[in-house]
Structures are given as structure tokens and as C-alpha cells.
Amino acid sequence: MNKERILGLFLRYTYIYRRSWIRILEFIFWPVMDLLVWGYLTLYLSGSSNNLSGPFQFLIGAMILWDVLYRTQLGITVSFLEDVWSKNLINLFVSPITIEEFFAAAILVGVIKSLIILGLLGVIAAFLYHFNLMQLGSYILPLLGNLFLMGSACGILTISLLIRWGQAAESLAWAIPILFQPFAAVFYPLEVLPSSIRPFSFLIPATHVFEGLRSGLQGNYAYSHLLWATLLNLCYLTLSFLLFKFFFSIAKEKGLLVKLGTQ
């Protein structure tokens, strides 16, 4: 892969934010609103006016980490959609840029945007709710790493569906992670789910991340969950990339790229 081409794509997808306060506002608005709602709801449930007790603090942590996954997926997908909306898709794929370079740049955009949101939400949570995500120490790193990986797999999957079914599938850009959320035990323990659903939940990497988060906030570091999350993420990343290449070849054969790029 050519680093200069990856950097060029990265700059292209980030420069559009320099003079668009609407994009910046949309990028920041929803995560902050989610944190405010969840934060004050958590204070109400904990019976405290300005501080979180142990059993409830994981709700704030789960909300912040869920946004890391969601923003990573959305950052990758919106980078692709920017080329669709600006009718630049054909120019992109007839250039020397390879698919691997495109995804490397898009994933880099998604991860950077997620880190910015993570920092912003972390400061707000510390200031308003006295919740410090860094209390997990270095244990937070594999949790974040696995969320980046799952967000990347979801992003590649979403772009695959867009390539195959065009802008009719555009709403999936915002829906794919939400489809997994009820089964990933984000805001409640895995035991809450019916026993018939748990095997499916076990196959979702985020389930292991949020089980690991709850354990970590109680001082018990669940490295087995992190290992499962990593293995599953590597499998899903490989499968999503193979699916993209399959749908991409169909799109080229049927001329779907031209239709998608000029709609």
C-alpha cells in the first residue's frame, strides 16, 4: 500500500470539515446529547445529585464506549458516502488507488473521529458526573482496540451493501450497529438476555467488550472476554472484506458503480 495515497485520501475526507460547521455540529451534537440524557438518567437511578455510585457508573462507561464503536463505523461509511454524494465515486475507482488503500484511509478517519469524541465525552463525564474512564488504566486499550476493529468490520459490511444495492441501502449506514445493540449486552449483563439468544450474543465481539468493561469497573479484568472479542473481530474483518470484494466484482460486471456514482 502507498502511504502517500492513503494520506491524500485521509486529508480529503477530513478537509471537508474545515469550513463546514454543520458537519462539525452534527459530528459532536448527537454523542453529547446522548451523554447528557444517559448521565442524568444514571444520576436519577443512583439516587445521587452529583456523583455516581459503583453499580450505576457502568451505564456512563457503556454509553461512551458504544459511541466509539458507532462513530468508527459511521466515520468509515460516511467517507464512502461523501464520494457518492459528490459524484466522485467513478473518479476514485478509476484512479491508481487500491481498495486496501481506500479502506486504510477510511478506517483511519473513523478511528480519529472516534478518539476525538471519546476525549470530548470523557471530559464532560468527568466534569458533570465525576466519572473517570481512565480508572481502568491500561485495560481500556484492548477494549478500545476491539471496538475499533468491530466498527471497522461494520463499516466495510455497510459499504459492501451500498455497493450492491445502491443508495436504497443508504439508511443502513446509521442502522447496522444498532441492529447488534440489543443483543450485545451494552447496558445490561449478558445474563439478562433469554438463554436462547445468548449463543448469538456470544458471537458479537461487542458483547465481550462490554462484559469486560463491567468486570473492569469492579476491579476484575476479564482477559478471556478480550481474547474472544479479538478473535471474533479478526474473523469478521476478513469476512466483511471478502464480501466487499465479491459485491464489488458483481457491481463492476453489472455496471452498478456507474449508477451509484451518478445518481
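1. A convenient place to begin is the aromatic cluster in which ring pairs link Y13, F80, F102, F103, F241, F244 and F248. The structure shown here is a predicted model, and the points below should be read with that in mind. Across the model, the count of aromatic pairs comes to 17.

2. One of these pairs is formed by W38 and F187, and it is classed as stacked because the ring centres are 4.4 Å apart and the planes meet at 10°. This pair links distant parts of the chain, since W38 belongs to helix α2 whereas F187 sits in the loop between α7 and α8, 149 residues apart. The two partners fall into separate classes of accessibility: W38 counts as partly exposed because its relative accessibility is 26%, while F187, with a relative accessible area of 16%, is buried because that value is under 20%.

3. A further aromatic pair, made by W165 and F247, is edge-to-face, with 5.6 Å from centre to centre and 80° between the planes. Here too the pair links distant parts of the chain, with W165 in helix α6 and F247 in helix α10 (residues 223-254), 82 residues apart. F247 has a relative accessible area of 11% and is therefore buried.

4. Turning to the interior, the largest nonpolar core has 81 residues, and those with the most contacts inside it are L35, I64, L65, F102, L143, I163 and F210. Helix α3, which spans residues 54-85, gives the most to this core, with 17 residues. F102, listed here for its contacts in the core, is also a member of the aromatic cluster described at the start.

5. What does I64 contact once its neighbours within four places in sequence are left aside? The residues in contact with I64 are L35, L118, L121, A125, F131 and L133. Of these partners, F131 has its place in the loop between α5 (99-129) and α6 (140-165), and F131 is buried, with a relative accessible area of 2%. F131 and R164 are 33 residues apart in sequence, and their C-alpha atoms are 43 Å apart in space.

6. L69 is placed in helix α3 and is buried, with a relative accessible area of 0%. When residues up to four places away in sequence are not counted, L69 touches L147, M150, G151, P177 and A206. Between the C-alpha atoms of L69 and E170, which are 101 residues apart along the chain, the separation is 19 Å.

7. On the surface, W21, I22, L25, F29, W30 and M33 form a nonpolar patch, which together has about 650 Å² of accessible area. Among them, W30 is found in helix α2 (residues 21-46), and W30 counts as partly exposed because its relative accessibility is 47%.

8. Two backbone positions deserve a check by eye. Most residues other than glycine have a negative phi. K87, however, has a positive phi near 55°, and K87 lies in the loop between α3 and α4 (89-94). A185 likewise has a positive phi, of about 50°, although A185 is not a glycine, and A185 lies in the loop between α7 (172-180) and α8 (198-202). Is each of these positions buried or exposed, or does it fall in between? K87 counts as partly exposed, at 46% relative accessibility, whereas A185 is buried, with a relative accessible area of 0%.

Definitions and conventions: Residues numbered from 1 in each chain as written. Predicted model: local features only at pLDDT ≥ 70, side-chain atom pairs only at ≥ 80, totals over all residues. Heavy atoms only, no water. Helix = DSSP H or I, 4+ residues; strand = E, 2+ residues; numbered from the N terminus. Buried < 20%, exposed > 50% of the residue type's maximum accessible area, 1.4 Å probe, protein only. Patch = residues over 30% accessible without salt bridge, like charges linked within 9 Å, V, L, I, M, F, W, Y side chains within 5 Å. Areas by Shrake-Rupley, 256 points an atom, 1.4 Å probe, with all protein chains shown as cover. Salt bridge = Lys/Arg side-chain N within 4 Å of Asp/Glu carboxyl O. Core = buried A, V, L, I, M, F, W, Y, C linked by side-chain atoms within 4.5 Å. Contact = heavy atoms within 4.5 Å. Phe/Tyr/Trp six-rings, centres within 6.5 Å; stacked < 30°, edge-to-face > 60°.
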